[in-house]
Amino acid sequence: MRRDDPISALPLLEIRGLSLDFGTPRGRVHALRNVSLDVPGAQVLGIVGESGSGKSTLAYTVMGLLPENAHAIAGSILFEGRDLLNATTQARRSLLGDRLSMIFQDPMTTLNPVRTIESQMIDIQHHERRSRSEKRARAIEMLHRVGIPDPQSRVGGYPHHFSGGMRQRICIAMALLVKPALLIADEPTTALDATLEVQIIHLLKELQKEIGCSVLFVSHHLGAVAELCDRVAVMYAGEVVEEGDVRDIFHNPAHPYTRALLECDPGRIRQKTRTLPTIPGEVPSLLGSRKGCVFHARCTQAFDRCVQESPVEYSIAVDQVARCHLFDEQRLVSA
Ligand code: ATP
Ligand code: SF4
Ligand code: MG
């Protein structure tokens with residue numbers, strides 16, 4: 001497709017006004033509220049936020065891997081122009097492992113413990129019209145690419161023959177073997193030690209550039225996000241409160257929550273300390289209705305309006321938006 005073709009300018013993934021609840025005995029948990037995000041082609045979008053902010057729910061909603069008590073109540077998800085929320089099970093299945101791939105935090109979510117790596121890597125290529133031996137050769141080549149030593153003989157091994165770091169490399173190899181248009185990675189490095197994490201992030205970056213796919217990268221490790229991502233969306237209690245270019249978010253954060261999150265990042269703390277800082281206060285309950293700004297109970301800059309009215313999205317820079325009343329132009333003019 002030509003670059004000046006208007007269709008090629010469309011984002012690969014377009015999420016609009018997505019709201020999703022989980023039904024529970026205590027009532028409905030509003031896990032996502034009015035989430036709108038774009039993932040452009042060949043770009044990496046990082047999703048950050050404290051535990052419970054809805055990062056995984058968003059990733060799993062795109063993949064269509066939600067539990068039965070999940071109910072999307074509003075919005076749309078368009079992937080390559082196709083409506084994912086209303087897609088048939090068959091249409092979804094044909095996208096998974098072809099145009100869409102996922103890497104989970106625990107490699108054993110993907111890997112079957114009683115089957116060899118070889119048979120699993122061959123199976124994942126079921127969309128490809130190639131012979132079994134060609135598929136095997138591609139699997140070995142990909143294992144080599146992700147740094148598995150002696151892949152020719154190790155491809156016949158079972159998952160338990162590999163260390164945790166190696167298993168995650170194998171999952172990356174499997175996810176990218178199908179050359180997906182979009183890779184969704186939910187905390188893929190959280191279970192690994194720091195050295196392995198750096199290696200895996202570099203590997204992901206290299207392969208993403210090589211394949212030209214887009215990545216939705218969920219992590220609460222801000223250093224990894226800064227390293228890998230082009231854009232960042234900051235989530236809090238089910239809402240996207242700020243979004244923008246990775247440099248703007250890290251160097252010029254606008255939303256009080258983003259600023260608080262960055263101040264608590266262990267990677268940014270210069271002075272020696274025994275206790276890591278945390279954002280004072282607690283994440284609000286996701287049950288029941290909500291009034292005002294989602295962050296108002298913890299925000300040091302909150303004022304009257306924040307308790308009454310939910311902020312809309314304000315433009316901060318060319319490529320940065322934040323949901324915070326502080327950026328209402330009328331307020332800025334009258335200040
Ligand atoms: P973490 O960083 O801990 O992985 P997260 O940002 O990925 O957190 P989610 O797992 O998406 O957060 O959870 C968002 C909210 O939805 C949480 O309040 C969580 O308890 C709730 N939730 C998630 N799955 C379910 C479920 N199956 N049933 C009910 N509530 C759920
Ligand atoms: Fe804080 Fe108000 Fe902005 Fe919310 S809208 S982040 S409470 S200043
Ligand atoms: Mg999660």
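This is a chat about the two ligand sites and the cysteines of a predicted model.

Biologist: Let's start with ligand 1. Which residues come nearest to it?

Modeller: There are 16 residues around ligand 1, and those that come nearest are S51, G52, K55, S56 and T57.

Biologist: OK, and how far is the side chain of S51 from an oxygen atom of ligand 1?

Modeller: A polar side-chain atom of S51 sits 2.4 Å from a ligand 1 oxygen. T57 also has a polar side-chain atom by an oxygen of ligand 1, at 2.5 Å.

Biologist: What about G52, which part of that residue is involved?

Modeller: The backbone: one of its polar atoms is 2.8 Å from an oxygen atom of ligand 1.

Biologist: And how much of ligand 1's accessible area does the protein cover?

Modeller: It covers 66% of the 640 Å² that ligand 1 has on its own.

Biologist: Switching to ligand 2. Which residues are around that one?

Modeller: Four cysteines are in the list, so to speak.

Biologist: Names, please!

Modeller: Fair. Around ligand 2 you have H255, P256, C293, H296, C299, Q301, A302, C306, C324, H325 and L326.

Biologist: How does that shell divide into nonpolar, polar and charged?

Modeller: Seven of the shell residues are nonpolar, four are polar and none is charged.

Biologist: What kind of space does ligand 2 take?

Modeller: Its space is the largest cavity.

Biologist: Back to C306 in that shell: buried or exposed?

Modeller: C306 has a relative accessible area of 8%, and since the cut-off for buried is under 20%, it counts as buried.

Biologist: Now disulfides. How many does the structure hold?

Modeller: Zero. Take C171: the nearest cysteine sulfur belongs to C213 and is 16 Å away. A disulfide needs the two sulfur atoms within 2.5 Å, so C171 is in none.

Biologist: Is C171 buried or exposed?

Modeller: Buried, because its relative accessibility is 3%.

Technical notes. Residues are numbered from 1 along each chain as its sequence is written. Chains are lettered from A and ligands numbered from 1 in the order in which they are written. This is a predicted model: local features need pLDDT of at least 70, side-chain atom pairs count only at pLDDT 80 or more; totals for chains, interfaces and linings use all residues. Side-chain values use heavy atoms; hydrogens and water are left out. Buried means under 20% relative accessible area, exposed over 50%, partly exposed in between (1.4 Å probe, protein chains only). A residue is near a molecule or strand if one of its heavy atoms lies within 4 Å of it. On a 1 Å grid over the protein atoms alone, a cavity is a set of points where a 1.4 Å probe fits but cannot get out, and a pocket is an open set with protein on both sides within 12 Å along at least five of seven lines; lining residues have an atom within 4 Å of a point. A molecule sits in a cavity or pocket if more than half of its atoms lie within 2 Å of its grid points. Ala, Val, Leu, Ile, Met, Phe, Trp, Tyr, Cys and Pro count as nonpolar, Asp, Glu, Lys and Arg as charged, and the others, Gly among them, as polar. A polar contact is a pair of N or O atoms within 3.5 Å; within protein, one must be able to donate a hydrogen and the other to accept it, and residues adjacent in sequence count only if both atoms are side-chain atoms. Accessible areas come from the Shrake-Rupley method with a 1.4 Å probe; for residues, only the protein chains shown count as cover.
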